[in-house]
Number of protein chains: 4
Amino acid sequence: MAGNTIGKLFQIMTYGESHGVAIGGIIDGIPAGLVIDLQNVQSELDRRRPGQSSIVTQRKESDIVHFLSGLIEKEGQTITLGTPIGFQIVNSDAKSSDYDNVETSFRPSHADYSYSTKYGLRNHKGGGRSSARETVSRVVAGALAQQLLSKCCSTEISAYVERVHNISMPNPPKFYPKEEIDSSIVRCPNHEITSRMEQCIAEVKKEGDSIGGAIVVVAKSVEAGLGEPVFDKLNADLAKALMSIPAVKSIEFGSGLSGTLLKGSQHNDEFTSIDGQISTSSNNSGGIQGGISNGEDIVIRIGFKPTSTIAKIQNTVNAEGKEITLKGKGRHDPCVLPRAVPIVEAMVAITLADHYLRNKTSKIEDV
Amino acid sequence: MAGNTIGKLFQIMTYGESHGVAIGGIIDGIPAGLVIDLQNVQSELDRRRPGQSSIVTQRKESDIVHFLSGLIEKEGQTITLGTPIGFQIVNSDAKSSDYDNVETSFRPSHADYSYSTKYGLRNHKGGGRSSARETVSRVVAGALAQQLLSKCCSTEISAYVERVHNISMPNPPKFYPKEEIDSSIVRCPNHEITSRMEQCIAEVKKEGDSIGGAIVVVAKSVEAGLGEPVFDKLNADLAKALMSIPAVKSIEFGSGLSGTLLKGSQHNDEFTSIDGQISTSSNNSGGIQGGISNGEDIVIRIGFKPTSTIAKIQNTVNAEGKEITLKGKGRHDPCVLPRAVPIVEAMVAITLADHYLRNKTSKIEDV
Amino acid sequence: MAGNTIGKLFQIMTYGESHGVAIGGIIDGIPAGLVIDLQNVQSELDRRRPGQSSIVTQRKESDIVHFLSGLIEKEGQTITLGTPIGFQIVNSDAKSSDYDNVETSFRPSHADYSYSTKYGLRNHKGGGRSSARETVSRVVAGALAQQLLSKCCSTEISAYVERVHNISMPNPPKFYPKEEIDSSIVRCPNHEITSRMEQCIAEVKKEGDSIGGAIVVVAKSVEAGLGEPVFDKLNADLAKALMSIPAVKSIEFGSGLSGTLLKGSQHNDEFTSIDGQISTSSNNSGGIQGGISNGEDIVIRIGFKPTSTIAKIQNTVNAEGKEITLKGKGRHDPCVLPRAVPIVEAMVAITLADHYLRNKTSKIEDV
Amino acid sequence: MAGNTIGKLFQIMTYGESHGVAIGGIIDGIPAGLVIDLQNVQSELDRRRPGQSSIVTQRKESDIVHFLSGLIEKEGQTITLGTPIGFQIVNSDAKSSDYDNVETSFRPSHADYSYSTKYGLRNHKGGGRSSARETVSRVVAGALAQQLLSKCCSTEISAYVERVHNISMPNPPKFYPKEEIDSSIVRCPNHEITSRMEQCIAEVKKEGDSIGGAIVVVAKSVEAGLGEPVFDKLNADLAKALMSIPAVKSIEFGSGLSGTLLKGSQHNDEFTSIDGQISTSSNNSGGIQGGISNGEDIVIRIGFKPTSTIAKIQNTVNAEGKEITLKGKGRHDPCVLPRAVPIVEAMVAITLADHYLRNKTSKIEDV
């Protein structure tokens, strides 16, 4: 029970079902005195918003966030009070009738069956709590986390779609500015590749099918020292945060899977010193060594499965255990990756902010 | 701070440095009345023990676990009291002089630099707390977790080495009995492949180099309903637990990376009903849907990097920021995977046991 | 940081400032399938509501709770889904101008100075987050906790005002039904005493002063076995929950302070057996032994200080450290006890519900 | 389940039964670089040690603590590494045969019955986990917490016996140096009162009976700003920590119970300013306002019940529900207060240290 909270010092707890009255949450632990850019929070929500382009779900939600506490207006600025920040996003375009046929049947590879087994009942409308609509709250918290990290140590976090289905960027992961990424509706910063991805998604949509792919996220200017051995290693907490995003199948840090094919002599990142500033000449470690950030870019690749909802007829069973066929209704993304980009950034930001605060008491001279 | 605990209801907290007096921990949350097989706990430690074969580190540790509390002897049986179980393993064969040269220098891709930056000082002997020796405590807790799961729902957890460097088993992941796996010193259940792996490790050892690979872990007979949406999803907590093992670079669930190349119509696991018993005809989900177990086998692949310590000369810097060269001393595994198998099983068992207990209060009829 | 959550399995996190847009929270961990009586939740809020009688604050708040998630309507019933229950209460009658004079000065025995020191800034309107208005969220969660406990083991929790200032009930603590308690606007179930208390509060109000007193809470039909040694003892967690209520100064369990004047031979509760049913012949332990409930009534006495806000002139200092005088404005309770009764019940219920769920995994035969 | 941990940033987890092999624990969260005075830790244990005087239990335990990890020797100093500090105290003088008669019967006002009900079985030897012997681990952690607080902000914590049975010090609580307190075997700093207390304990011991009393603890030089609204208020967490000590019946902060008899105009602590330094002219708040420390002395009174074990014949029942009589055996304290003094200080220190670290991230300018 009770799994709707994440973080130890930068905490977020969320509530809300896909077709309920509202989605929202509480953010606790942001230090007092941080000047907040509310417009930036809304911009991040807009990047996740349904209906933003032709290749995503056509559900129409304005996704306007309302802050209910924890902030004060002072001399034209919005400032954190150190008290919990409550917020909510009202649901407006729920078409629950689209889900009538799944009230008593289990959609393949959805959470219908496992929720029913666990709880004995479930809210079938729009997938209820298992819907990716829940991630809207994460984006709100992630935006604040990014503002905190930016203020405290100039950290920047940026994610992009590296691969859609089998169409992949040719170059290794690197940091791209958000504007460059957002110039493409697929959120891939390579212009030639992005148009092929766009076309691929359009075709799959027409087929009534779906596809997956990979997102790369890079965090730069990360303070060295983040991560708490041995269980709350930075990579461990990042893996948890990212794996809690719907549809994620795989996580790779730094050199990732391909790094496991190298020899130690090829893979080790040698330290160098330039004007007394220590860094590494390669970054196979992805910015984390022994579970602690070393100041290099944090690099993670996240694999997403194809969306479970498709418009094709599939075999399944109903609650009575009778075999039936089912055809997906509702408005869905043929490929979740373009909208998942801000969610990935949010989860990385929430985790880094939490560990940033936790690291403030590592040394006696800091306390 | 304070990152040495894992689990909410089945909790483990550990302590100990590689070359300190002892390594140990406390396990809290095992229900009272569980009959414990102490010999089995020791057997699991023996599977992780250094010096067990020619292809692993030659450090000689008997790794005998001593239980200090939480158990009672009754009619020839050892039974849990419901109180915390304290345990320790004494370190005996520490050769700290092997580490004299790294007291003030940073070994490439080790935790030396990040620990120094975080804490201002570190125990350099044997890597201190960052050493994989710390995982001995995990194996103790994991053995008890496996006994709990076995008693309560016949769950069996078994891991094997699927790939060493570029030598890989040809078939998809499946459950193998532990005896079959342990018949090979590499812990790969394919006889032909295992001998090639063994040879590869021997060669790399001779070169003074190291290699990585992949381990697959399968849990069968897992109760449906484990996992707490939305942040404590079963796959999220498993990812954290596994990513906290030293040298892990990647995690894949079910169909994993290759699943992200399929279309939804190919990837979805259709439900079937046989005599009213619901199951899925494929298992691309790897036994977890919407973050909750569905009763199918849980299947995870974990990628390991090549061991960081190698016997070759490498460039690095010392604490003063001066560039130096360094040659690894100490006794190390050219490939950590054979000894990592019981550690992987332990972390999966600890996570499943925690979620098994958490799931006991999901439904009103159960409480 | 991050102290706005309580509970491990039955969790509540709250947000909201006294004069902000709304007050609310999230309840996580209630098992799925519990039928909820929404009218009862509102009734509990009405018992805490300002303006309910002549002896309490005249702030006018309807305090209507809106549930936003976690519940489903089925066949005319409201049922928990097992997902987090978000709720909010809109603030309507905030008179922030009453607080203009305390924006830069520190009211004696209020949180103004300590908040300013901790956070560097504060929301002075109505006391911001330090206002007892925050407890409205606790009453919502407490009402659901009482419904859970009532359903699962017929537990009833009832609190009453035992003492106002120096006017005290003569008899030792016992269980009174809520209706009997609520028949008095002071919430004291002794008719003669209650009228003296009422008069005393009226006089003190006229003086522009304030008074304190004591509340007794009794929980009956509590399952034996609640409480987790050694730190999360039932009395320890109850003490924390109750001490977190504004204005609480003292907590006594069972025989309390007077029990510390007895000898062991007088104080010990002897066990008796009636038809094989074990109970104690006295209850100096207050229903808790070794930190674990023993099935007898849980009995706690809570002392409250006089309200800090008074209408008299007091000496204090402002933010610049200059000594000034201040006269309390705003609408306040001359005695908080009548309205604190449902808050005390709520905190006891939340703690018992949490431990009720935690106790479900104590024995191997239960899991 | 899982209640053997306390603290969020300064964490301690303990294990051990009264007559088991050893008692011990793990302390996690002390910043790296703190110079530790090991002799002082042992001195604190000596103050809690059985057999230290004629008025306490005659069990002979040397109570030598062994540290197993988390510390490094450097230039003659013992320094924290930032990693978890494992420690243990071996049990040597267990006389388990003294407890043969309680294996299947329930001692009045002990934890025998509640443990049996909760767990289905228990370790009856010496009370097992419910024995106050468990507090030895708290004293170790408390000593380190006091050293941390002393180093960081010169905080001093000192407790004394204010009352034994009905013999009480006449003056209000104040800070006494430890040496002054320890000059009396009762640990009461008033020479005339202490000899009457001593005599009273001796007489009660002769009668085979037991008595209780009250301890006052004062913490001075506490940083203003400690405590996290709204649930983790400093007084709330202190109440929990202190109520988790065996035999505690009541807790009072500042003016305590007697303060609840005052009017607001008498009770409020007015702020004054001396050379720009803000303080209060009285301290009825006991150093905590709105759940946050205000820099004044923290003052708490803790009431203890008479020891449950007495040498008189009492009525009780056995495990079969049959009524029997029982006479206490074993070596016990006729009055626990003299030995409880260092335990009280330890729990206050652990809580303050935790909140000291938590407060490091309250303001944006600090992070």
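## Chains, axes and a pair of helices

In this predicted model, A:Ile251 has B:Ile251 as its bridge partner in strand E12(B). That pairing belongs to a wider contact, in which strand E12 of chain A, residues 248–253, is joined by three bridges to strand E12 of chain B, residues 248–253, and the two strands run antiparallel.

Around these strands, the two chains touch through many residues, for 97 residues of chain A are in contact with 97 residues of chain B. Sorted by class, the side of chain A that touches chain B consists of 31 nonpolar, 46 polar and 20 charged residues. Because 100% of the interface residues of chain A are also interface residues in chain B, the two copies meet through the same surface. As for how these copies are placed, chain A is superposed on chain B by a rotation of 180°, with 0.0 Å of shift along the axis and an RMSD of 0.0 Å.

Chain B also touches chain C, and here 15 residues of chain B are in contact with 15 residues of chain C. On the side of chain B that faces this contact with chain C, eight residues are nonpolar, four are polar and three are charged. What rotation superposes chain B on chain C? The rotation is one of 180°, with 0.0 Å of shift along its axis, and the superposition has an RMSD of 0.0 Å, which means that chains B and C stand in the relation of a two-fold axis. The same surface serves both copies, since 100% of the contact residues of chain B recur in chain C. Among the residues of chain B, the one that comes closest to this rotation axis is B:Lys360, whose C-alpha lies at 3.5 Å.

Within chain B, attention can turn to two helices. Two packed helices are described by the angle between their axes and the distance between those axes. Helix H1 of chain B, residues 38–48, packs against helix H3 of chain B, residues 135–153, at an angle of about 140°, with the axes 9 Å apart. Angles over 145 degrees would count as roughly antiparallel, and H1(B) and H3(B) are therefore oblique to each other. Their crossing is right-handed. From H1(B), the contact is made by B:Asn40, B:Val41, B:Glu44, B:Leu45 and B:Arg48, while H3(B) contributes B:Val136, B:Val139, B:Val140, B:Gly142, B:Ala143, B:Leu144 and B:Gln147. Taken by class, the residues of this contact between H1(B) and H3(B) comprise seven nonpolar, three polar and two charged.

Notes. Residues are numbered from 1 along each chain as its sequence is written. Chains are lettered from A and ligands numbered from 1 in the order in which they are written. This is a predicted model: local features need pLDDT of at least 70, side-chain atom pairs count only at pLDDT 80 or more; totals for chains, interfaces and linings use all residues. Copies are superposed by least squares on the C-alpha atoms of residues with pLDDT of at least 70 in both. Two residues are in contact if their C-beta atoms, placed from the backbone, lie within 7 Å. Ala, Val, Leu, Ile, Met, Phe, Trp, Tyr, Cys and Pro count as nonpolar, Asp, Glu, Lys and Arg as charged, and the others, Gly among them, as polar. Axes are lines fitted to C-alpha atoms, for helices over the stretch in contact, and angles run from 0 to 180 degrees between N-to-C directions. Helices (H or I, at least four residues) and strands (E, at least two) are DSSP runs, numbered from the N terminus. Angles under 35 degrees count as roughly parallel, over 145 as roughly antiparallel, 65 to 115 as roughly perpendicular and the rest as oblique. A crossing is left-handed if the near helix is turned anticlockwise from the far one by less than a right angle, and right-handed if clockwise. Two strands pair if DSSP finds at least two bridges between them.
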